[in-house]
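Welcome! Take a moment to look over the model below, and then we will walk through it together, topic by topic.

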Amino acid sequence: MAFISILILGIQLYALYSDGYGIIHEDEAIYYNGARLFAETNQPIANHCIAENVSKIGGYNWYGPFWNVYFGTFLKLIPLGKGILVANILASILVGICSVVLIPKKSVLFTILLLCSFPFTYHQFFLFPEPLILLLSIVNMVGLVKTINNPTKSALLLFSAFVIIQIPIRITSVFWLFGIIPLISKKNFFPISTYILTGFLSS
């Protein structure tokens, strides 16, 4: 684990100091230009879309306003246009830390496979938002396991609320609420059903 961590950190530092970085995917251009527009105007509006109409509410693209604000804030703070790369690398470092701290040691093989996965090793060096989504997924997974093991009212509420506030970040986050369906009983049918319904209405 230590060797993998040092290797990844070395690659991250090389990526930050390298001048050979460029956009190669159209989605990357959408994220970057949207972030740049926010950095320059403080408006999270769409700069362009792929074969789709801009939202009539707010003028957002398909990804919504969050990523323009999130990546745009890093572009404001980090010079030389490397704000998004820094944001993704920081999220990836947190992924590594959370994987080691939150995932039980008996699941070390799962942790190693996670850190060797395509979303972690590949996307942190591009302008895609997957590193932050992967970080939230790890927290969701750990939270869901703890909620299943101890399904108190407060645990159900906390997990559901954490998932619902992620919907503006990635709309498919709502499917994490399916994880609490097996906990439905006569005693907690109403609150669980309410959480799931609220999540899907929010999406």
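Is Thr147 buried or exposed? With a relative accessibility of 4%, Thr147 counts as buried, because buried means under 20%. Keep in mind that this is a predicted model, and that the values here are computed from it. Let us start with the whole chain and then visit a few places in turn.

**The chain as a whole**
- The chain has 9 helices and 0 strands.
- Read from the N terminus, its elements follow the order α-α-α-α-α-α-α-α-α.
- The C-alpha trace extends about 60 × 50 × 25 Å along its principal axes.
- Of the 203 residues in the chain, 39% are buried.
- About 11,800 Å² of the chain is exposed, and carbon and sulfur atoms account for 71% of that area.
- If you count contacts between residues at least 6 apart in sequence, 63% of them join residues at least 24 apart.

**Around Thr147**
- Thr147 sits in helix H7, which covers residues 130-149.
- Leaving aside residues up to four places away in sequence, Thr147 touches Ala155, Leu156, Phe159, Ile180 and Leu183.
- Of these partners, you can look for Ala155, Leu156 and Phe159 along helix H8, which spans 153-164.

**A salt bridge**
- As a general point, side chains of opposite charge can pair when their charged atoms come close.
- A search of the whole structure turns up 1 salt bridge.
- The partners are Glu130 and Arg170, whose closest N and O atoms are 3.6 Å apart.
- This pair links distant parts of the chain, with the two positions 40 residues apart in numbering: Glu130 belongs to helix H7, while Arg170 is in the loop between helix H8 and helix H9 (189-202).
- Arg170 has 26% relative accessibility and so counts as partly exposed.

**A nonpolar patch on the surface**
- Ten names are worth finding here: Leu9, Leu13, Tyr17, Leu90, Ile93, Leu94, Ile97, Val100, Val101 and Leu102 form a nonpolar patch on the surface.
- Together, these residues have about 940 Å² of accessible area.
- Helix H1 (2-17) and helix H4 (83-102) each contribute at least two residues to the patch.
- Which helix gives the most? That is H4, with 7 residues.
- Leu94, one of the patch residues, lies in helix H4 and is partly exposed, at a relative accessible area of 41%.
- Although Leu94 and Leu132 are 38 residues apart along the chain, their C-alpha atoms are separated by 8.9 Å.
- Val100, another member of the patch, is also found in helix H4.
- Val100 is partly exposed, and its relative accessible area is 48%.

**How H4 and H5 meet**
- Two packed helices are described by the angle between their axes and the distance between the axes.
- For H4 and helix H5 (residues 108-115), the axes come within 10 Å and cross at roughly 170 degrees.
- The two helices are therefore roughly antiparallel to each other, since angles over 145 degrees count that way.
- Which residues of H4 take part in the contact? They are Val95, Gly96, Ser99 and Val100, and they meet Thr111, Leu114 and Leu115 in H5.
- Val100 thus has two roles to look for: a place in the nonpolar patch and a contact with H5, with a partly exposed side at 48%.

Key:
Residues are numbered from 1 along each chain as its sequence is written. This is a predicted model: local features need pLDDT of at least 70, side-chain atom pairs count only at pLDDT 80 or more; totals for chains, interfaces and linings use all residues. Side-chain values use heavy atoms; hydrogens and water are left out. Patches are made of residues with over 30% relative accessible area and no salt bridge: like charges are joined within 9 Å, nonpolar side chains (Val, Leu, Ile, Met, Phe, Trp, Tyr) within 5 Å. Accessible areas come from the Shrake-Rupley method with a 1.4 Å probe; for residues, only the protein chains shown count as cover. A salt bridge is a side-chain nitrogen of Lys or Arg within 4 Å of a carboxyl oxygen of Asp or Glu. Helices (H or I, at least four residues) and strands (E, at least two) are DSSP runs, numbered from the N terminus. Buried means under 20% relative accessible area, exposed over 50%, partly exposed in between (1.4 Å probe, protein chains only). Axes are lines fitted to C-alpha atoms, for helices over the stretch in contact, and angles run from 0 to 180 degrees between N-to-C directions. Angles under 35 degrees count as roughly parallel, over 145 as roughly antiparallel, 65 to 115 as roughly perpendicular and the rest as oblique. Contact means heavy atoms within 4.5 Å.
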